Amino acid sequence: MFIRYVEKDVWFKLLTMEDAKPLFALVDSCRAHLRQWLPWVDSTNTVEDSKAFISQGLQKFASSNGFEAGIFYQGQLAGVIGVHYIDRANRKASIGYWLGESFQGNGLMTKACKACIDDLFAEQGVNRVEIRCAVGNQRSRAIPERLGFVMEGTIRDAEWLYDHFVDHVVYGMLVREWKR
């Protein structure tokens, strides 16, 4: 297990089964908000669904191919940040994130992403980190833009979101461009 302190009241840690109930409660508390941009919300209907998500994250972590971590603010689960995969052959990784609606606007996600990216470059030896966001998701897009990522292009119809496709903007950051 790992824990990464970002600042005094902000940290992220590997999600474990004991986090399943608070994770489900957080998703359930802001379901309509999350559903706008995340395709898995409607299939997260029970604590067991959250346990399955956590189990997949633990398997990724055990195989050194990413993780799913809970972001905590003042001791309370506020959201999730994850490394979708680490492509060791090409030294690149992709990250994703979401934050509970009531925790937004405090800079938590920017700080968590910065710490995660620092670790990917320094500890995992990746050369490139990628973030993809739906074109219309301005709050999510603000994170890589704030962190100095380069907008590299748009992938048309990149994701099926319940009843329609959304385009994704691809952002990239190279280790030589990263300012810690």
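Two strands count as paired if DSSP finds at least two bridges between them. Helices (H or I, at least four residues) and strands (E, at least two) are DSSP runs, numbered from the N terminus. The model is predicted: local features need pLDDT of at least 70, side-chain atom pairs count only at pLDDT 80 or more, and totals for chains, interfaces and linings use all residues. Residues are numbered from 1 along each chain as its sequence is written, and side-chain values use heavy atoms, with hydrogens and water left out.

**View 1. Strand 2 pairs with strand 3 in the antiparallel sense.**
Strand 2 covers residues 10-14 and strand 3 residues 67-73. Five bridges join them. Trp 11 has Phe 72 of strand 3 as its bridge partner. Strands of a sheet pair through backbone hydrogen bonds, either parallel or antiparallel.

**View 2. Eight strands make an open sheet.**
The strand order is 1-2-3-4-5-6-8-7, with mixed pairing. Strand 1 (3-7) and strand 7 (150-160) stand at the edges. Each has a single partner strand, so one side of each is left without a neighbour in the sheet. On average, neighbouring strands of this sheet are turned by 25° against each other, direction ignored. Axes here are lines fitted to C-alpha atoms, for helices over the stretch in contact; angles run from 0 to 180 degrees between N-to-C directions.

**View 3. Helix 3 and helix 5 lie across strands of the sheet.**
Contact means heavy atoms within 4.5 Å. Helix 3 (residues 47-62) lies across strand 2, strand 3 and strand 4 (76-87). Helix 3 runs at about 115° to strand 3. Helix 5 (residues 138-146) lies across strand 5 (92-99), strand 6 (128-134), strand 7 and strand 8 (165-174). Helix 5 runs at about 155° to strand 6.

**View 4. Helix 5 has a buried face.**
Buried means under 20% relative accessible area, exposed over 50%, and partly exposed in between (1.4 Å probe, protein chains only). Ser 140, Arg 141, Ile 143 and Pro 144 of helix 5 are buried. Seen down the axis of helix 5, its buried residues fall within an arc of 140°, so they line one face of the helix. The arc is that of the directions from the helix axis to the C-beta atoms. Arg 139 and Arg 146 are exposed on the other side of helix 5. The buried residues of helix 5 pack against strand 5, helix 4 (108-122), strand 6, strand 7 and strand 8. Just after helix 5, Gly 148 takes a positive phi of about 85°.

**View 5. Salt bridges link side chains in helix 4, in helix 5 and elsewhere.**
A salt bridge is a side-chain nitrogen of Lys or Arg within 4 Å of a carboxyl oxygen of Asp or Glu. The count by this rule is 12 salt bridges. Asp 118 meets Lys 114 at 3.4 Å, N to O. Both lie in helix 4, four residues apart, about one turn of the helix. Asp 118 is buried, with a relative accessible area of 12%, whereas Lys 114 is partly exposed at 30%. Arg 128 and Glu 130 meet at 2.9 Å, N to O. Arg 128 and Glu 130 are buried. In helix 5, Glu 145 and Arg 141 sit four residues apart, about one turn of the helix. Their closest N and O atoms are 3.7 Å apart. Glu 145 is partly exposed at 41% relative accessibility; Arg 141 is buried at 11%. Salt bridges that share partners join Arg 128, Glu 130, Arg 132 and Glu 152 into one network.

**View 6. The largest nonpolar core has 50 residues.**
A nonpolar core is a set of buried Ala, Val, Leu, Ile, Met, Phe, Trp, Tyr and Cys residues joined through side-chain atoms within 4.5 Å. Residues with the most contacts inside this core are Phe 12, Ile 81, Ile 95, Cys 113, Ile 117, Leu 120 and Phe 149. Elements that each supply at least two residues include strand 2, helix 1 (20-29), strand 3 and strand 8. Helix 4 gives the largest share of the core, nine residues. Leaving aside neighbours within four places in sequence, Cys 113 is in contact with Ile 81, Ile 95, Tyr 97, Ile 143 and Leu 147.

**View 7. Ser 64 and Tyr 162 have positive phi values.**
Ser 64 lies in the loop between helix 3 and strand 3. Its phi is near 55°. Ser 64 is partly exposed, at 43% relative accessibility. Tyr 162 lies in the loop between strand 7 and strand 8. Its phi is near 70°. Tyr 162 is partly exposed, at 22% relative accessibility.
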